[in-house]
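Work through the exercises below with the sequence and the structure open beside you. Try each task before you read its solution.

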Amino acid sequence: MNRLGVIALGAAAIVAIVAPFFLRRYGIYLISMWAVLTIAAIGLNLTLGYAGQVSLAQGAFVGIGAYTVALLTQAGWAYPAAFVCAGALCFAIGWGLGYPALRVQHHYLAFVTLAFTTLVFLVLRNEEWLTNGIYGITGTERPVFFGWSTGGARDFYFFCLGMLALLSAATWWMLRSPWGRAFLALRENPIRALSLGLDTRRYTLMAFAIGSSLGGMAGALYAPLVQFIEPNSFGLGMSFNLLLMVIIGGSGYFFGPFVGALVAVLLPEWTRFTEGYYLLVYAALVMIMMAFCPSGLLGLIGRMSKAMTRRAPTPPELHAEGTTP
Amino acid sequence: MSAVLEVSNLRKSFGGITAVNDVSFEVREGEILGIIGPNGSGKSTLFNCVLGQLLPNAGEVRVDGKPTTRMRPCDLNRLGVSRTFQLLQVFPQLSVRDNLILAGQEHRGSMLSRLFGKSDAGLGDAAERMISFFQLSHLAEEPAGALSYGQQKLLDAAMAFMAGPRLVLLDEPAGGVNLTMLAHLRERLRAYHAEHNATFVVIEHQMEFVMALCTRVLVLAEGRIIAVGAPQDIRRDPVVIEAYLGH
C-alpha cells in the first residue's frame, strides 16, 4: 500500500472511532450495521472477488450464524462459545456448499447457491420447533466481557468495530500468505493452476468455507444488534444486497467491502429526502455506477490515481489487486 | 539410461474417432524428445492423456516406474511432471514474480504450513534466479498480462521449471513467436537442459525448432507412431514425407 493509502486508512479508522460520539441512536445503529455487514461482505469478497466463485448464499450464512447464536444463548451458552460455534457451523456448511462449485461455474453456480438460500429460508420458516417460524426470536442478549457490558448502543458498536478489525486483519494476513496467491490463481486460470500442482478442489472448498464462516460470524453479531431475527431477513434480498456491496466497493479489492457496505447502508438513508422515491433513486444510482465503473468504486479510484501518476497508456483492466471476474 | 516416462498401448477415442491409437514409447533421462505430426494426428490428445487432463480408454502411463494413469494433474505435477500450454496460460494480473512463486509454492510443505509460512513460501531467491535466467529482470514487477506475447512464452516456460521438475512437457513452445524471440527461447531451453540435465518432451510444428533442439524425434500420424529416430534421419524418412505432404 502506498503512503496515500495509509493516510486514508488512518483517517477512516479515526472517523470510525469518533463517529458514534456525534450520532444519535439510529445513526449508531446504522454504523453498527455497516460493521456487521462489512464482515459478511469480506467473506463474500473472498469467495467471489479473490477465488472467483459466484455465491448468492452469503445472506443465508448470516442467517445461520444469527439463529445459532440466538438459540444457543437462549439455551444458556456463553456468547463467545456461541460465536465460535456459529463460525464453525458455517465453515462446515460452506465446505459442503463448495462441492457443487467443483462441477459448475458462473451463473450455474449462482443458481445452485440461490437454491441453497431458499432452502435455508424455508427451514427457518417451517421448522417452528427450532426457529419459532415466522414469529422469529427476540431479545438476544448482548455480551459482557470482563465487566464491560456491550448492552448500550455505543458499546455494542465498539464491539462490532473491534470484531471487524480483528476479522479483517486475519483475512489480510491470510491473503498475504501463499493462500492469497492460490485463490487468485483459482480465479484467473484454474486449469493452469492445476497443472502447477495447485489442488484446486481443496482451495475452492476452502474459499467457500472461510467466506461462509465470515458470514456466520457476521450473523452472530447481527442477532444481538437488531434484537429481533426472523426468516425474511435472511432471504434472497440480503444475499443480493451483500453481492451488491462487494461489486460496488470493488470485487477483489481488499477494502472493497468496507466501501460497498458503507454505500449500501448509507445511500438509502441519504436519499430519504426524496420520500417515497428513495429506493427508486438508490436503484438508479446503482445502475449508473455499474454502467460507468464495473470494477467498483475502488477500481475507479485506482484508475484515476494511475492516470494521474503516470500518463503512459496502460490497459484499463490491469490493476494491482483485481477486477470483477 | 533409465526411462523417466513410459507410455504403453495408450488409446483414446472421442466417439467414433480414435485420436490416439495404441501408442507406446519411452522417454529416457536427459533427452529432448520431439513429437511431430500433421494437424489432427493426436499430439495434443497424447499429451493430455499423459498429463492426467484426459483419461485414456486403454493403456498405461508410468513416471519413474510409478503408474500415473489415473492421477490428477496437480498430484502428477507434485510428482515432478510439469508442462507448458499451447495457448498462453499465465496469470495476467499477477506480477511476473508472483507467477513464478505460484508455480513453485505448492511444492513447499503442506497447505496448512504454507498458511503460516512466509508470503513468498521461501521462493523469493529461486524466483529471482529464474527471472534473470530468462532475462526478464526489468519486468519482474509488471503484471504478466502487460508482457509481449514472446515474453509471456518465456515466462510460461520459466514457470514450468520453477519446481525443479523431473520431466517437462512443452506444448508448441514456438507457436506464434517471432524469429528473434524463438532463437532466444531455444537457446534458453538448451541452456536449462544442459545445466540441470532435465528431460523434455516437445510438441512442435516448427520443423527448424524441433530439428535444432531435440535429440530424438517421434512422428505421429492418425493416432499412430509412424517413425522414431534421430532428427536428421526423420527428415529423410519417406514415410514421414508422405504423411506430411499428403496422399
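The exercises go from whole chains to strands, a helix and the contact between the chains.

This is a predicted model, in which local features need pLDDT of at least 70 and side-chain atom pairs count only at pLDDT 80 or more, while totals for chains, interfaces and linings use all residues. Residues are numbered from 1 along each chain as its sequence is written, and chains are lettered from A and ligands numbered from 1 in the order in which they are written.

**Exercise 1. Describe chain A as a whole.**

Step 1. Count the elements: chain A has 14 helices and four strands. Helices (H or I, at least four residues) and strands (E, at least two) are DSSP runs, numbered from the N terminus.

Step 2. Check the radius of gyration, which is taken over C-alpha atoms; the globule rule is 2.2 Å times the number of residues to the power 0.38. For 325 residues a compact globule would come near 20 Å, and chain A agrees because its value is 20 Å.

Step 3. Find the buried share. A residue is buried if 20 or more other C-beta atoms, placed from the backbone, lie within 10 Å of its own, exposed if 12 or fewer, and partly exposed in between. In chain A, 46% of the 325 residues count as buried.

**Exercise 2. Repeat the description for chain B.**

Step 1. Chain B contains 10 helices and 10 strands.

Step 2. A compact globule of 247 residues would have a radius of gyration near 18 Å, and chain B agrees because it has 18 Å. Its C-alpha atoms fill a box of roughly 55 × 40 × 35 Å along the principal axes.

Step 3. Of the 247 residues in chain B, 45% are buried.

**Exercise 3. Trace the pairing of strands S1, S2, S4 and S5 in chain B.**

Step 1. Two strands pair if DSSP finds at least two bridges between them. Strand S1 (residues 3-14) of chain B runs antiparallel to strand S2 (residues 17-28) of chain B, with eight bridges. B:Leu5 is opposite B:Val27 in S2(B).

Step 2. Look at the turn: the hairpin of S1(B) and S2(B) has two residues between the strands, and B:Gly15 takes a positive phi near 60°.

Step 3. S1(B) also pairs with strand S4 (residues 58-63) of chain B, antiparallel, over five bridges. Here B:Ser8 has B:Glu60 as its bridge partner.

Step 4. Move on from S4(B) to strand S5 (residues 66-67) of chain B, joined antiparallel by two bridges. B:Val63 is partnered by B:Lys66. These strands form a hairpin with two residues between them, where B:Asp64 has a positive phi of about 50°.

**Exercise 4. Which residues of H11(A) are buried, and which helices do they pack against?**

Step 1. Helix H11 (residues 236-249) of chain A has 14 residues.

Step 2. Its buried residues include A:Met238, A:Leu242, A:Val246 and A:Gly249; the others are A:Ser239, A:Leu243, A:Met245, A:Ile247 and A:Ile248.

Step 3. The buried residues pack against helix H2 (25-50), helix H3 (58-74), helix H5 (106-126), helix H12 (256-270), helix H13 (278-292) and helix H14 (296-309) of chain A.

Step 4. Just after H11(A), A:Gly250 has a positive phi of about 125°.

**Exercise 5. How many residues does each chain give to the contact?**

Step 1. Two residues are in contact if their C-beta atoms, placed from the backbone, lie within 7 Å. Chain B gives 29 residues and chain A gives 21 residues.

Step 2. On the side of chain B that touches chain A, H3(B) gives the most, with five residues.

Conventions: The expected span of a helix is 1.5 Å times one less than its number of residues.
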